[in-house]
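Reader: I have a structure to look at and many labels to learn. Can you take me through how such labels are earned?

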Amino acid sequence: MKRFRKAGLLLVACVLAGCASAQGSGPKIASAADNSGMDAELFYQLLLGELNVRSAEPAAGFALILDAARKTADPALYQRAVELAFEARDGDAALQAARAWKQAFPKSREANRYVLQILVALNRIPESAEPLKTEIALADAGDRAAVISVAPRIYARASDKKQAATVIEQALADYLGQPATGPAAWSAVGRMRLAAGDTEGALAAAKRGHGLDAKAEGPALLALELMDPKLPQAEALVRSYLAAQPLPEIRMGYARALLDAQRHQEALQQLQLVTRERPEFPEAWLAQGTLLAQDNQLTQAESALQKYIQLAQAQPATEERTRGLAQAYLSMAQVAEKRKDFTAAGAWLDRIENSQDLFSAQSRRASILARQGKLPEARKLIQSLPERTPADARMKLTAEVSLLRDNKQYKAAYDLLAQAIAKNPKDPDLLYDQAMMAEKLDDFADMEKLLRQVMTVKPDYHHAYNALGFSFAERNVRLPEARQLIQKALEFAPGDPFITDSLGWVEFRMGNRAEALRILQGAYKDRPDPEIAAHLGEVLWALGQRDQAEKIWREGMLLNNENETLLQTIKRLKVQL
């Protein structure tokens, strides 16, 4: 019997294309066979195998193709046998074919990779250790760290994550201490530990990898994922990596983590470092401009956003670029709106082309209409938006409630939320929003009832504890309970500057002025905000530090000269700034 190499795929392609049943197909197949050096017996075995697969006899077809692969030692036929088993959803048969292929070609990474992936798919995790070792050993030395880095993805669907973590750690044992592969290996081990719920173990792995190479990206990325107030060493590792010459993407990731933790000033510092070190990196300008716009630093925001738009427009058109430009246009519209330049705001919104961002654009248009005294038109604009999915309906509700709240139509917002809650009575976000409207309506009993419902439905909803505790402190009632509620909120969201502000305020109400000052100064440092400025200034005023109080209030006015709490505080204390 003559051997062949490429004829198997040629014949398979011919059969799948229907040439065996087409007019004149005989000569075409004969020609393929003549050119391949395939004898008649093997030719008809392959043809019969493919026809069996087509005629609902996949097991027989699989057996014939696998037998042909063994006779010919053709990798393409081994692969075809594996694919036929996949099509029949027969994992054991797929493993049989892949193992036969690997036995015939011990140095074939493709054959070994099939064995590895099939074992994981069959959840035979302990058996996958050897193929994983082989996959890494067969890789070129220069590519080995990259191959190790992707190992956790292979086990992403393993049902027993602890077992998978153990297998990976055993398979990587020879690479953990090597400078070239150690950081990647420890990062892979750490990711598997994290997937298994072992955050302490994941952090320990990140530290081991970072210890081998402080400039390695893998341990820093893992530590970035682990960042949490309960794991301060994770952030310390990230900062250690950033002290060298980091990738801007990792510094950007750190800035996002700081934003999530409400540490806006630190996030802004990181973004400014990125734009200073890599001024051609557009995403940093966009994030910086958006953050500055939120903090009412309008001139700096406009400059950063313009820089992003300039850089982005020079890039090839991609979905990411379109989304980024839409966000930049929305932020520019926000800057113009805050300056009461409604014509310019509308012009920026007109530049948005991405349909997914049109909702945000229309919401911004509604806000502009409302500020021009056209609230009914603004509501109609939001109500006219299409509802293709439940998520669309929820966004419309949120946008309309926000519009009503911002325009002090608290009763209308309360009633709108009541309609939504009637359909979803255990939705914690809706209940919380309605509680906030009840507070605006001075219905504190209803507010408390709603917030207690939120705590029952979602016991870790920290906003509910903070809101109720702050309400007690603001009204100077039930202060010990207020402190307990706010401390409970901080357990769920450690370091949150707004909850910290609430704690400082309740301490002030309880007469603990020095402690209140300490807490509020920390909150204001972490998040310069007009409401925190109002509270900090009042504590300073009560302590006789009136020049410092006025300085803080002026800073707050620069941040937002329309903030109700700040304006009411200054008016109540009869201060002239």
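Author: What follows is a set of short questions and answers on this predicted model.

Reader: Start with the rings. How many aromatic pairs are there in the whole structure?

Author: A search of the whole structure finds eight.

Reader: What makes Tyr432 and Tyr461 a pair?

Author: The centres of their rings are 5.7 Å apart. The cut-off for a pair is 6.5 Å. So 5.7 Å qualifies, and Tyr432 and Tyr461 are a pair.

Reader: Why is the pair of Tyr432 and Tyr461 called tilted?

Author: Look at the planes, which stand at 45 degrees. Stacked needs under 30 degrees, and edge-to-face needs over 60. An angle of 45 degrees fits neither, so the pair is tilted.

Reader: Which parts does the pair of Tyr432 and Tyr461 tie together?

Author: Tyr432 lies in helix α26, residues 428–440. Tyr461 lies in the loop between α27 and α28. The two residues are 29 apart in sequence, so the pair ties together separate parts of the chain. Both Tyr432 and Tyr461 are buried.

Reader: Which residues do ring pairs link into a cluster?

Author: Phe86, Trp101 and Tyr114.

Reader: How do you know that Arg475 lies over the face of Phe444?

Author: Arg475 is 4.2 Å from the ring centre of Phe444. The limit for a charge over a ring is 6 Å, with a further limit of 35 degrees from the ring normal. The distance is inside its limit, and Arg475 is listed as lying over the face.

Reader: Now charges. What makes Arg278 and Glu280 a salt bridge?

Author: Their closest N and O atoms are 2.5 Å apart. The limit is 4 Å. So Arg278 and Glu280 form a salt bridge. The structure holds 38 salt bridges.

Reader: Is Arg278 buried, exposed or partly exposed, and why?

Author: Arg278 has 32% relative accessibility. Buried means under 20% and exposed means over 50%. Arg278 falls in between, so it counts as partly exposed. Glu280, at 44%, is partly exposed too.

Reader: Why is Lys408 called exposed?

Author: Its relative accessible area is 51%. Exposed starts over 50%, so Lys408 gets the label. Its salt-bridge partner is Glu564, with the closest N and O atoms 3.7 Å apart. Glu564 has 33%, so it counts as partly exposed.

Reader: What does the pair of Glu564 and Lys408 tie together?

Author: Glu564 is in helix α34, and Lys408 is in the loop between α24 and α25. The residues are 156 apart in sequence, so the pair ties together those parts.

Reader: Which residues are joined into one network by salt bridges that share partners?

Author: Asp92, Arg99, Arg124 and Glu127. Within it, Glu127 bridges to Arg124 at 2.9 Å.

Reader: How do you know that Asp501 has no salt bridge?

Author: The nearest side chain of opposite charge is Arg509, 11 Å away. A salt bridge needs 4 Å, so Asp501 has none, although it is buried. Asp501 sits in helix α30.

Reader: What makes Asp501 and His535 a polar contact?

Author: Their side chains come to 2.9 Å. The limit is 3.5 Å, so the distance qualifies.

Reader: Last one. Why is Ala413 called buried?

Author: Ala413 has a relative accessible area of 0%. Buried means under 20%, so Ala413 is buried. Ala413 is in helix α25. Beyond its neighbours up to four places away, it touches Val401, Leu404 and Met437.

How values were computed. Residues numbered from 1 in each chain as written. Predicted model: local features only at pLDDT ≥ 70, side-chain atom pairs only at ≥ 80, totals over all residues. Heavy atoms only, no water. Phe/Tyr/Trp six-rings, centres within 6.5 Å; stacked < 30°, edge-to-face > 60°. Helix = DSSP H or I, 4+ residues; strand = E, 2+ residues; numbered from the N terminus. Buried < 20%, exposed > 50% of the residue type's maximum accessible area, 1.4 Å probe, protein only. Lys, Arg positive; Asp, Glu negative; His and termini not counted. Polar contact = N/O pair within 3.5 Å; in protein donor to acceptor, adjacent residues only side chain to side chain. Contact = heavy atoms within 4.5 Å.
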